[in-house]
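Hi there,

Here is the structure you asked to look at, with the sequence alongside. My notes follow below it, so please keep the viewer open as you read.

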Amino acid sequence: MKYCYGVDIGGTTVKMGLFEETGKILDKWEIVTRIEDEGKAILPDIAASILEKTQAHGLEKSEILGIGAGVPAPVTAEGVVNGSANLGWNYKEVKRELEELTGMDALIGNDANVAALGEMWKGGGAGQKNLVMITLGTGVGGGVIVNGKVITGEHGAGGEVGHICVNYDETDVCGCGNRGCLEQYASATGIVRLAKKRLAEETRDTVLKKESVTAKDVFDAVKAGDAVAVSVAEEFGRYLASGLINLAVIADPAVFVIGGGVSKAGEVLIPFIQKPYREKAFFSNREIEFKLATLGNDAGICGAAKMILDA
């Protein structure tokens, strides 16, 4: 039997898993992400934890196929990150450093792309080889998979779906510096922004409170039949559908997998996205399925392990 490690490097914690080559998870755990001093302790901490687990499970390095890792930043084919604000990194040769620290092979990918690979393998996209995953969290991330392979592109920025422009008239600035990005409307913070704008001019009764509204509040109110919340959800859905329509004519997926914190609202999300999508999508892409992600916090480690198993 051979084994591999899947690593999901986040700004707060690093999630890790030890997998059999069959795909079975033998162990999973997490450590704190130490981002101080430009994140210089992150990779040594990961390496030390992996070496400790290897010993604890009585394994030899020769039995380990490698370490897959997802990073919250664009990653080049050579495993280089040219900056990650969440980790404090500037230029970082992640693959080389991790290999030198552990004595094991390593493959590195963007965290959203890696999560998409996980969902294709074991989650909402299981059984498919062509899918687009959208992660709706603090921002909007994504991964595009064509014929079972993640599209990374020339600069490692393939699948940065949150920065598709869906509103050329927007005056507010996105975190990336542009205006009108999908992230400004479909992320958890974007939904709050839409809700606050709506509540500033709304005359109908609603349970939503402008000062404290969250994305969860919006969809909880939708479930309770609140008309104002429904109008916010419809606006969110139109923007997200617009981005997906553009993605569909390029990637032509079999399924859109919706993940991230916002997806915890459940199936109530799907009609708000699917209806405007089907009204405007190119005819060949109109019947693409919409599914919720199912792996939750395990998507990253599963996808990272899958990179190694597919290598």
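Six elements each put at least two residues into the lining of the largest pocket: strands S1 (3-9), S2 (13-20), S8 (131-136) and S9 (140-146), together with helices H4 (111-122) and H10 (299-310). Please bear in mind that this is a predicted model. H4 is the biggest contributor to that lining, with four residues. In total 43 residues line the largest pocket, and Pro72, Asp111, Ala112, Thr135 and Gly141 are the ones nearest its centre. The space inside comes to about 1,200 Å³. As for the character of the wall, 23 of the lining residues are polar, 13 are nonpolar and seven are charged.

The second largest pocket has a volume of about 490 Å³. Its lining is made of 24 residues, with Leu107, Ile108, Val150, Thr152 and Met307 lying nearest the centre. At least two residues each come from strand S7 (106-110), H4, strand S10 (149-150) and H10. Here S7 provides the largest share, four residues. The classes in this lining are ten nonpolar, nine polar and five charged residues.

S7 is worth a look for its surroundings too. Four of the five residues in S7 are buried, so most of this strand is covered. S7 pairs with strand S4 (residues 64-71) in the parallel sense, over five bridges. If you want to find that pairing on screen, look for Gly68, which stands opposite Leu107 of S7.

Next, a sheet. S10, S9, S8, S11 and S12 form an open sheet of five strands in the order S10-S9-S8-S11-S12, and the pairing is mixed. Why is one side of S10 and of strand S12 (289-292) left without a neighbour in the sheet? Both stand at the edges and have a single partner strand each, so nothing in the sheet flanks their other side. At the S10 end, S9 and S10 run antiparallel and are joined by two bridges, with Val146 opposite Lys149 of S10. At the S12 end, strand S11 (residues 255-259) pairs with S12 in the parallel sense over four bridges. Ile258 has Leu292 in S12 as its bridge partner.

S12 also shows a neat pattern. In a regular strand the side chains alternate between the two faces of the sheet. Along S12, Phe290 and Leu292 point to one face and are buried, whereas Glu289 and Lys291 point to the other face and are not buried.

Now for two residues that touch each other. Met120 lies in helix H4, and Ile145 lies in strand S9. Are they buried or exposed? Met120 has a relative accessible area of 5%, which is under the 20% cut-off, so Met120 counts as buried. Ile145 is at 1% relative accessibility, so Ile145 is buried by the same cut-off. Leaving aside residues up to four places away in sequence, Met120 touches Gly125, Ala126, Gly127, Gln128, Lys129, Leu131, Ile145 and Gly148. Counted in that way, the contacts of Ile145 include Ala116, Leu117, Met120 and Val150. Two distances may help you get your bearings. The C-alpha atoms of Met120 and Ala299 are separated by 9.4 Å, with their positions 179 residues apart along the chain. Ile145 and Leu51 are 94 residues apart in sequence, and their C-alpha atoms are 31 Å apart.

Lastly, the nonpolar interior. The largest nonpolar core has 49 residues, and Ile134, Phe219, Phe236 and Tyr277 have the most contacts inside it. Helix H8 (residues 227-251) gives the most to this core, with 13 residues. Apart from this core lies another one of 28 residues, among them Met16, Leu43, Ile50 and Val94. Which residues does Tyr277 touch, not counting those up to four places away in sequence? The list is Ala241, Leu244, Ile245, Ala248, Phe256, Asn285, Arg286, Ile288 and Phe290. You met Phe290 above, as one of the buried residues of S12.

Happy viewing, and best wishes from this end of the corridor!

Conventions: Residues numbered from 1 in each chain as written. Predicted model: local features only at pLDDT ≥ 70, side-chain atom pairs only at ≥ 80, totals over all residues. Heavy atoms only, no water. 1 Å grid on protein atoms, 1.4 Å probe; cavity = no way out; pocket = protein on both sides within 12 Å on 5 of 7 lines; lining within 4 Å. Points joined across faces, edges and corners; volume = space filled by probe spheres on them. Nonpolar A, V, L, I, M, F, W, Y, C, P; charged D, E, K, R; others polar. Core = buried A, V, L, I, M, F, W, Y, C linked by side-chain atoms within 4.5 Å. Buried < 20%, exposed > 50% of the residue type's maximum accessible area, 1.4 Å probe, protein only. Contact = heavy atoms within 4.5 Å. Pairing = 2+ DSSP bridges.
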